[in-house]
Structure formats: structure tokens, C-alpha cells
Amino acid sequence: MTTKSQGPFINLINPLLSKNIYGDISGGLTAAVIALPLALAFGVSSGAGAIAGVYGAILVGFFAALFGGTATQISGPTGPMSVVMALVLTQMIAHNPEHGLSLAFSCVILAGLFQIAFGLLKLGKYFVMVPYPVISGFMSGIGIIIIVLQVSPLLGLSADSNPVSALTNIPDNLSYLNITAAILGGASLIIMTYWPKNLARFMPAPLFALVFLTLISALLLPDKNIPTIGEIPTGLPELIIPSFSIDALYDITYFAFLLAVLGAIDSLLTSMVADSMTQTHHLSDKELIGQGIGNSIAGLFGALPGAGATMRTAINIGAGGNSALSGITHAIALLFITLWAADYAQYVPHSVLAGMLLKVGLDIIDWRFLKKINKVGLFSACLMLLVLLLTVFVDLITAVVVGMFIANLVTIDRLTSTQLDCISFTKGTAIKCANNLVVPADKLAHTLLLSINGPISFAVSRELSRRFTENMDFSVLIIDLCQAKLIGTTTSVLIIDLVTRTQNNGKRVLVITGEHGLNQSLDKLELNSLLGPQQLFSSKEQALLSI
């Protein structure tokens, strides 16, 4: 996997010269045709109008590709973002009927600015610290959703936006299938699956299926009632002047932050899918900046906010896209279709697109992990399947959040066991120091030595307190922090509490800080204010000799 560094002023504009121009153009064009009906649907479902969805795909798609950190990513309106945008429009218009629309798109502009801030503050890495079982479950769930949602269009019927209802409606849909449309869809799937590799260099399978089967449908089967994309709205968007109201300031900020975080998660998860498919490594902070620029400009023109779109990105990659040129081609193609070529694009059958998407869905599923699921361990297998099911039956954000939460809990539990091995209590035992000095056991009969020999986090504090309580029969407490590479704030507070309790009981406390002095957390909590110079030592030998 190729790794790129993220400097503070990394090249803002992505290079547009590609070694695979043909593949990039093919990927961008194919993604554009797939993106168009989705953008129209998201625009309508959000309440902003179909054209708002199209221009969301154009503007976010163009600027995220130009400035973003994932070379192959296709951006535009997505399901989660459109759902939140519908809520924003409803709330803002209800709150202020006269200026509600401009307030709603002011949220979009502010959301983009938040995303730019996330990138400048280098917060991208925190969105992508995702364990592989979570990624695998997410990817496989997306693949299943794509397959399930495309069954109805493949059969020549209207699409269902909900994967659960789409799944339950399959038996009924089979009795109402449009045979001609289904044959075209099946042909599309066959072309996508078995297209010869030597021909793919000259004509990628998705592009051939799109053009060839659309011509057959339009010229040879005009009377077969095959569902097509249909008429596309045209017209340039109007500039919307941002407006802010003191009364609505909280709502604007809240919805903007919600859109920004949701878009960041959605985009960076898609970036990780792209990484997995292309064996590259995206620049998360740069991607957030690109998404933020795209969303801010989209808000200025009354367009829907967007994010990295997993399905469209996968289609782009599958069709040969491998640079930012593919995303820019996708945006320009959408603009061209919207303004000038709507009459031609309207003849593309939905079933042809469905056949292409079925192949994409099959390719996204993590078959490698599924084939070895009985060998990866019970926890990893269950976690992957849980995330998969949540992705399909709930939503992808919930799936990832729940998966991350469970994975982090288990990781913390495992780290706690490891970190507790770094903590030892010694009493009444002879100790050999580094200079071969041996302190006899009788001299340490009433001395408790607490040694911390590695990094410890907040998770060990409770067990550390319990072990200390079990060893209260001493008159001198020595706390050895020489090898304590990292001490969390929670554990630092506990150590200070142990020192305070011991001294309040009239017992002596000695602390070995090592040559580098107190740990940063202990220093900030002013442990040295509780101890005199005669209680702080740089080595174990000095502390033991002072007893």
C-alpha cells in the first residue's frame, strides 16, 4: 500500500495530468451516469428539489476531486446527508418561513467551513482509526445494500430506497417483472462479469454496456415500456446569499456541525473503501479540506451537501478511474448532461445501470474475510457480522459507531491486562540494584515498593487501587516511576491520592522519578508540591539507601 505524507501545506490542488487518461475519463463518465438518477432522487427526497441534488453532485464532486485527498473518490449527495438536509430544511422553514431556505443553505456553508477546520486541525486520523473487522463489515454491508436495492430496477420495476423493504419485496417483484428490461439488465451484468480483459483496454465493460445496451433499447425496443432515466431538469443555479439569525444561531450551528461530522465520517469511510480497492492510502486531512470547500460552494448555490459516495467511487474505480481527473470528469459530465445532453441521457435504461451495480456490489463484499471467518477468532467474526447487519438493516453510521465502540472496549480490556503486568508490588524481598548493590530483605520488611515499568492508561486505575489496598501493612512507600513511559491523567490522580492517603496516615513516601523527572501528567497535577526534595530521587539506589 502506497503511503503519502501529510505536511501542513501539502499541495492544495491535485494534479490533473494522469497516466491513465482513458481510464479516468471512462470512470468519470460511468460514475456520472450512475450519479445522475441518485442526485435527482436525493434532491427530491430532501425537499430542496431535483436540480439541487444534481448541482450538489456537480459542485461537491468537482471541488472535492480538485482539492481532496482521495484520488479515486467520487463525491456528491448521499443518503445520510440528504436525510439530515431534509430535517434542516423542515426545521429552518418552520422556524422562519420567509428566510428558512437561505438559513438552511447557510448551514451547508458553515458545515463546509467546519470540515475545512477539521482538516486544518489534523483531525482526520481520528475518523479513520477503524479496526479491520469493522471495515470489512461496512464494506460487505454496502455491497449487500447495492445488490438488494438493484434487484427491482434489474427486473424493470421502480427502485426501493430502503434495503429492508427492497429485500422483503423481492418475491412479489418477481411476479411483476418486465421481461425485456430484465434481459437488458442480465446482459449488462454478464458484460460486466465476463468482458475480456484484452478488450477492456480499449473499451471498459461499464462504458460498453452503457452505450451498446442503451442503443439497443432506444432503437430496437422502443415499444417495450422499458423504464429509463427520463427527462432531466436543466438550468443554472442561482447564488444564495447566506443569512444568519440570532434566534436560529443555535440551530444553524448544531445542524452545520451535524452535517460536517456526518459528511466527514461518510467521506473518510468511503476513502478507506477506495484504499482497499486500489491499494493506496488517502490523505484524510486533505480530504476533509476538499469536502469542506465543495460543501461551502454547494451551499452558496443552493445545492445539496455531499460526501464521498461509496457506490459511485467503487464504480469509478471499477471502470478504470485512478486519479482526481476521474472525479472532475464526473462533475463536468453531469454539468454537460444537465445543460445540453439531457435528451440523450434520458434513454439509458435503469435495468442496465442495475446490472452494472450488481457487479459492483458483488465486488465490494469482502469475500476474502468471509472465506476465512472461521479462522479469524470469535470476537472478530462476530464484530464483522454485527457491523454488516447494522449497515444493512439500520444505517452505516450506526454500524461503524457501534462497531468502533465494541472494538475499543475489547481493546481497552486487553490493554488493561497487558498494562497490569507492568505494575508490581514488592515487600520484604531483597532487591538487587543496577550497580550490584543488594538491599537485604530484613531492611525492606516494612517497605512497599510500587514499580511501574511501562505505559499505563486510565483503565488500570481501579485494579491498581485494589492491589494497593491489599498491601497496606507498611511504614515506607516507594513509588518507582523510572520506567513509566506514559501515565494517563486518571492514573496520575490515583497515584497522587495514594501519596496523600499514605502521608495522612503518618507513613513515609519516596518517589523515584528517574533522570527525566516527573511524568507530565503528575507534574501538571503538582505531585512535587506534596513531597519535599528529600522524598524525590533520580534512581532506585538512592531511594533504597535513604530508608
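**Salt bridges along the helices**

R501 and D497 sit 4 residues apart in helix α22, about one turn of the helix. In this predicted model, the two side chains form a salt bridge, with 3.4 Å between the closest N and O atoms. Both partners are partly exposed: R501 has a relative accessibility of 28%, and D497 comes in at 34%. The spacing makes sense, because an α-helix has 3.6 residues a turn, so residues three or four places apart point the same way.

As for α22 itself, the helix covers residues 489–504, and its 16 residues should span 22 Å at 1.5 Å a residue; the end C-alpha atoms are indeed 22 Å apart, so expectation and model agree. Its buried residues are T491, S492, L494, I495, I496, L498, V499 and T502. Just past the end of α22, G506 adopts a positive phi of about 80 degrees.

The R501 pair has company, as the structure holds 6 salt bridges. In another of these, D363 meets K359 at 2.8 Å, N to O. These two belong to helix α17 (residues 350–364) and, being 4 residues apart, are separated by about one helical turn. Their surroundings are not alike: D363 is partly exposed at 47% relative accessibility, while K359 counts as buried at 16%, because the cut-off for buried is under 20%.

Helix α21 (residues 461–469) holds R466 and E463, which are 3 residues apart, again about one helical turn. Their salt bridge puts the closest N and O atoms 2.4 Å apart, and R466 is partly exposed at 39%. This pair is also part of a wider arrangement, a network of salt bridges linking E463, R466, R467 and E470.

Methods
Residues are numbered from 1 along each chain as its sequence is written. This is a predicted model: local features need pLDDT of at least 70, side-chain atom pairs count only at pLDDT 80 or more; totals for chains, interfaces and linings use all residues. Side-chain values use heavy atoms; hydrogens and water are left out. The expected span of a helix is 1.5 Å times one less than its number of residues. Buried means under 20% relative accessible area, exposed over 50%, partly exposed in between (1.4 Å probe, protein chains only). A salt bridge is a side-chain nitrogen of Lys or Arg within 4 Å of a carboxyl oxygen of Asp or Glu.
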